[in-house]
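The following exercises are to be worked through with the sequence and the model at hand. Each task is followed by a stepwise solution.

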Amino acid sequence: MPKRLTDEERTTIRTRLKEEAELSLSRYGLKGTTVDALVEAVRIPKGTFYLLYPSKELLCYEVLMDFHATIQKRLTTQLAQNPGTITEKTLVSLLMELFLSVDGSFLAHLIQRKELEVLM
């Protein structure tokens, strides 16, 4: 019988799976990211993966949503630091910074490989 996971273990494993999924998406895209490689990297049984995520795509979608939340938080935080004083130049600079962070991420690779639609 499989071992029961504590909430802390679940959280730790989910975090590690998301980290590895993000790396794999950057390197290999969605099609090249496999459950076998993810569980090997995180050193968990395959059954544990499926206990936490019904599919690779749902894990990758969660990674995408976490990335979206991070970008949105960065934007709103920087806008809130200068309420009412945002100039066109400041906004363009901020948007360029965010664009560059997306450009260097796994998301850019998914878009280039035309795999983003699968997650959506």
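**Exercise 1.** Determine whether E20 counts as buried or exposed, and state its place and its contacts.

Solution. Step 1: the relative accessibility of E20 is 17%. Step 2: buried means under 20% relative accessible area, exposed over 50%, and partly exposed in between (1.4 Å probe, protein chains only). Step 3: E20 therefore counts as buried. Step 4: E20 lies in helix α1, where helices (H or I, at least four residues) and strands (E, at least two) are DSSP runs numbered from the N terminus. Step 5: when neighbours within four places in sequence are left aside, E20 is in contact with L38, A41 and V42; contact means heavy atoms within 4.5 Å.

The model is predicted: local features need pLDDT of at least 70, side-chain atom pairs count only at pLDDT 80 or more, and totals for chains, interfaces and linings use all residues. Residues are numbered from 1 along each chain as its sequence is written, and side-chain values use heavy atoms, with hydrogens and water left out.

**Exercise 2.** Identify the buried residues of α2 and explain why they are on the same side of the helix.

Solution. Step 1: V35, L38, V39 and V42 are the buried residues of α2. Step 2: they are on the same side of α2 because they cover an arc of only 95° around the axis; the arc is that of the directions from the helix axis to the C-beta atoms. Step 3: an α-helix has 3.6 residues a turn, so residues three or four places apart point the same way. Step 4: the buried residues of α2 pack against α1, α3 and α4.

**Exercise 3.** Which residue follows α2, and what is its phi?

Solution. Step 1: R43 follows α2, with a positive phi near 65°. Step 2: R43 is a residue other than glycine and is found in the loop between α2 and α3. Step 3: R43 counts as exposed because its relative accessibility is 77%.

**Exercise 4.** Describe the largest nonpolar core and the contacts of F106.

Solution. Step 1: a nonpolar core is a set of buried Ala, Val, Leu, Ile, Met, Phe, Trp, Tyr and Cys residues joined through side-chain atoms within 4.5 Å. Step 2: the largest has 27 residues, of which L17, L25, I44, F49, L59, F106 and L110 touch the most other members. Step 3: α4 gives the most to this core, with 6 residues. Step 4: beyond neighbours within four places in sequence, F106 is in contact with E22, L25, S26, V63, L64 and F67.
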